[in-house]
Amino acid sequence: MDSRLYVVTGHAFLQGRTLESVIRAAIQGGADCIQLREKEYTGRQLLEAGLLLRRITAEAGVRLIVNDRIDVARAVDADGVHLGQSDLPLQAAREMLAPGKIVGISTHNVQEARAAERMGADYIGLGPMKPTSTKLDTEPVVGPAGVKEVRQHVRLPIVAIGGIKADDVAEIIRNGANSVAVVSAVIAADDVEAAARQIRSIVDQERGARV
């Protein structure tokens, strides 16, 4: 699951725009993975949003990941799920999902990253990179130095997340992340497509430089 620009939904940042228009613009700008993450949605709302995102991502050839909710991921035939440290164990998720589906795990340090790799995760989310307002129950800041440390211990794709803006991306990728996951940096932008294109361009440039 080697993405480059991983965009996470956040209805609070839509500013009156539709989810469809914002996600289409993000994909047009280079997002190659979309995560449905809406903690305040009801199950019905998640299902409706998931079906919409599945249609959009399928048309664009982009992956769709559902945060936490394995039932919703199954119902919309998402490409996989992303699980936190307190969610269902990875093996249980594998048993509930169809073969070949992606399972990502949130991690905050080397120990959690190594455990995720041993359990067979397809990628790890690592963060937070900076303080963030999009999650209230955050762990201590990991930062680019934490990415570098984790990269020395795991071979899994690393998706850096947490408070990332365009100016942070180059250093994060240089330190070993494969991708960055963003919410407000793209979803809240006045020009969503341009914001996504800027971040994707930096990721591509820095990854190309280390080949």
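This report walks through the barrel, the cores, the cavity and a few backbone details of a predicted model.

Let us begin with the overall framework. Eight strands form a closed barrel in the order E1-E2-E3-E4-E5-E6-E7-E8, and their pairing is parallel. On average, neighbouring strands of this sheet are turned by 25 degrees against each other, direction ignored. For a look at one pairing, take strand E5 (residues 102-107) and strand E6 (residues 123-126): these run parallel and are joined by four bridges. Within this pair, Gly104 has Tyr123 of E6 as its bridge partner.

Now to the packing. The largest nonpolar core holds 62 residues, and Val7, Ile34, Val180 and Ile199 have the most contacts inside it. Helix H1 (residues 19-28) gives this core its largest share, six residues. Besides this core there is a second, separate one of ten residues, with Met1, Tyr6, Ile65 and Val183 among them.

Val180 is a good place to zoom in. Setting aside residues up to four places away in sequence, Val180 touches Arg4, Leu5, Tyr6, Val159, Ala160, Ile164, Val169, Ile172, Ile173, Ile199 and Val203.

Helix H1 deserves a visit too. Its buried residues are Leu19, Val22, Ile23, Ala25, Ala26 and Ile27. They pack against strand E1 (5-8), strand E2 (33-36), helix H2 (43-60), helix H8 (184-187) and helix H9 (192-209). An α-helix has 3.6 residues a turn, so residues three or four places apart point the same way. After H1 comes Gly30, with a positive phi near 125 degrees.

What space is left inside? There is one cavity of 30 Å³ or more, and the largest cavity encloses about 50 Å³. Its lining consists of Tyr6, Gln35, His82, Tyr123, Gly125, Val159, Ile161 and Ala181. Strand E6 and strand E7 (158-161) each contribute at least two residues to that lining. Two of these lining residues have already appeared above: Tyr6 belongs to the second core, while Tyr123 is the bridge partner of Gly104.

The loop between E6 and helix H6 (143-151) is home to Lys130. Is Lys130 buried, partly exposed or exposed? Lys130 counts as partly exposed because its relative accessibility is 32%, which lies between the 20% and 50% limits. Beyond its neighbours within four places in sequence, Lys130 is in contact with Val141, Gly162, Gly163, Lys165 and Asp168. Ala113 lies 17 residues from Lys130 in sequence and 18 Å from it in space, C-alpha to C-alpha.

Pro128 also sits in the loop between E6 and H6. The peptide bond leading from Gly127 to Pro128 is cis, with an omega near 5 degrees. Most residues other than glycine have a negative phi, and most peptide bonds are trans. Against that background, two aspartates are worth a look, and the table gives their phi values and places.

| Residue | Phi | Loop |
|---|---|---|
| Asp68 | about 70 degrees | between strand E3 (63-67) and helix H3 (70-76) |
| Asp77 | about 55 degrees | between H3 and strand E4 (80-83) |

Asp68 has its positive phi although it is not a glycine, and the same description is given for Asp77. Asp77 counts as partly exposed because its relative accessibility is 47%.

Key:
Residues are numbered from 1 along each chain as its sequence is written. This is a predicted model: local features need pLDDT of at least 70, side-chain atom pairs count only at pLDDT 80 or more; totals for chains, interfaces and linings use all residues. Side-chain values use heavy atoms; hydrogens and water are left out. A nonpolar core is a set of buried Ala, Val, Leu, Ile, Met, Phe, Trp, Tyr and Cys residues joined through side-chain atoms within 4.5 Å. Buried means under 20% relative accessible area, exposed over 50%, partly exposed in between (1.4 Å probe, protein chains only). Contact means heavy atoms within 4.5 Å. Two strands pair if DSSP finds at least two bridges between them. Axes are lines fitted to C-alpha atoms, for helices over the stretch in contact, and angles run from 0 to 180 degrees between N-to-C directions. On a 1 Å grid over the protein atoms alone, a cavity is a set of points where a 1.4 Å probe fits but cannot get out, and a pocket is an open set with protein on both sides within 12 Å along at least five of seven lines; lining residues have an atom within 4 Å of a point. Grid points are joined across faces, edges and corners, and a volume is the space filled by probe spheres set on the points.
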